Structure formats: C-alpha cells, structure tokens
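Reader: I have a model open on my screen and would like to learn how to read a helix in it. Could you walk me through one?

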Amino acid sequence: MKRFALLGHNIGYSLSPKLHTAVYRHYGIDAKYELVDVPPENLPAAVARLTADFDGFNITKPYKLDILPYLAECHADAVNTVVNRGGKLIGYGTDGYGFMRDFCDTFDPQNKRTLVLGAGGVAKIIVPTLLRLGARVDVYNRTAKRAKELCDRYGANMFDGRPPQLLVNCTSCGLREGDNPLFDGLDLSALEGAYDTIYAPPETALLKQCRMKGATTKNGLGMLVWQALKACEHFCGLAPDAELAKQIIQELS
C-alpha cells in the first residue's frame, strides 16, 4: 500500500483525505492518505517521519515555504506537493495549476484589473498565474514591504486605490467565522467577480460582501480538487481528468 499525507498545522477541517481517497478509489489504487498536523517546533521530526514512512505528501499552511530547506530538488517557489524518491524529497507546486483550471472556468482575467489580497505563499502562486493569464495585477498586503517584494519579483503593481474588476483573496483571513480581509476604503463599485482561495466555510465574509455588491463569487473548492488531481499525477502518474474533477467537486460541495 502506498502512503500519502497532508502536512500542516490546525488542519482538521481539511477535505484532502476524502478527496484523495476518492481519486485512489476511482483508479483502483491501493493507497492511504492521512493528516499530519504538527506545530512548527515539531516540523523537523514530522518531515523525518514522512521521509521514512511515506511515498509523498502535500503541504499546506503554514509550511509551504518552511519545507524548502528539506528538499533535494525544488520545482516551485511555494511547494505544496512532495514526492519521496528513495529518501530524496522532490518539491512541486500544483496550486497554480489548480487555481488556473478553476478560476478560468468562471472568470476571464484578460486585461482585467485584478486585486490580490495577501503576499504570502499562496499569493506567490496566484500572482504569476494571473499575470500569465493576462490580468493587470495589483497587490495589497497589511505589510507593504512584503507586497512590494512580491510585486518587484513578478512584475505586478502595488494597489493604488483604483477599484478592481476582479478580486482574489490569498490570505487565511476568512477561515474563522466573521474574519474579512476587505479593508476600509476599498471601492468595490467596479467589481465583477471575487474568488476566495479558502473553501471552508463555503461562503466567507468576503464572498458574502462581494455577492451582495452584485459580483459573481466562487470559493477555492475547485482549486483544491484540481491541485489534488495534479498532485496525484506526481504521486501516481495519473493525468488530471475533467469529469472526475467535476464529480468530486459535486460530492464535496
């Protein structure tokens, strides 16, 4: 039996075990997927155990950047998928693929002024993906220095107050009921669509507020499913399948 896991902290809400189990069942693969929930001080021991006992693992908050020193090879700026090849850890990023497949199914970012909230690991995936899709990307972060570093790295712009047409939340603000990353003074008068990379709860305070403004809204469940299917390609050689993605999204909704 193959063993896979999700490594993170405070991740009991995660749908990843159910999602991956559905994929393995669909393809008839003998594999088990579990949560490895550890605080930061236990990260080194957790990575050692995963390296010894698991065929691969996914990474979620807050370790997408912290995992980098443990990797023998890295093929992404922020890693969410690690393949164990005989004790050699190879890092990949599938969030950008997952976001692209899900976001573009609903929104067309071409030439749209798109505001990204946050400048952490998720934003480092979303910002270059949006730029490749032709969006005009502005970044806002509570710490302006981090936003500027992100903009300088990828060629995005610091948010200058102009009302966005599209909005993407890349922060964890919204995981707790009532949390809202929208800041005072943000003009939503031109907003056409809002996307929250969070999927639990299904409608965050941000999405509710944007929906009430008349915008089309979408949570990150589809992104989760598509990135997992891409991760399974790295784990098991399974190409992402659109019909399977649709089926799993419906099951988890």
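Author: Happily! Keep in mind that this is a predicted model. Let's start on the outside: on one side of helix 5, Lys145 and Asp152 are exposed.

Reader: Which residues of helix 5 are buried?

Author: A general idea helps here. An α-helix has 3.6 residues a turn, so residues three or four places apart point the same way. In this case, helix 5 spans residues 144–154, and its buried residues are Ala147, Leu150, Cys151 and Tyr154. Viewed down the helix axis, these buried residues fall within an arc of 100 degrees, so they line one face of helix 5.

Reader: What covers the buried residues of helix 5?

Author: The cover includes helix 4 (123–132), strand 8 (136–140) and strand 9 (157–158). Just after helix 5 comes Gly155, with a positive phi of about 90 degrees.

Reader: Where does strand 9 sit in its sheet?

Author: Six strands make an open, parallel sheet, in the order 9-8-7-10-11-12. Strand 9 is an edge strand, as is strand 12 (216–218), and each pairs on one side only. Further in, strand 10 (residues 166–169) and strand 11 (residues 193–196) pair in the parallel sense over four bridges; there, Leu166 stands opposite Gly193.

Reader: And how should I read the nonpolar cores?

Author: In soluble globular proteins, nonpolar side chains tend to be buried together. Here the largest nonpolar core has 27 residues, with Leu19, Val23 and Ile248 among those with the most contacts inside it. Helix 7 gives the largest share of this core, nine residues. A second, separate core of 22 residues includes Tyr154, one of the buried residues of helix 5.

Methods. Residues are numbered from 1 along each chain as its sequence is written. This is a predicted model: local features need pLDDT of at least 70, side-chain atom pairs count only at pLDDT 80 or more; totals for chains, interfaces and linings use all residues. Side-chain values use heavy atoms; hydrogens and water are left out. Buried means under 20% relative accessible area, exposed over 50%, partly exposed in between (1.4 Å probe, protein chains only). Helices (H or I, at least four residues) and strands (E, at least two) are DSSP runs, numbered from the N terminus. The arc is that of the directions from the helix axis to the C-beta atoms. Contact means heavy atoms within 4.5 Å. Two strands pair if DSSP finds at least two bridges between them. A nonpolar core is a set of buried Ala, Val, Leu, Ile, Met, Phe, Trp, Tyr and Cys residues joined through side-chain atoms within 4.5 Å.
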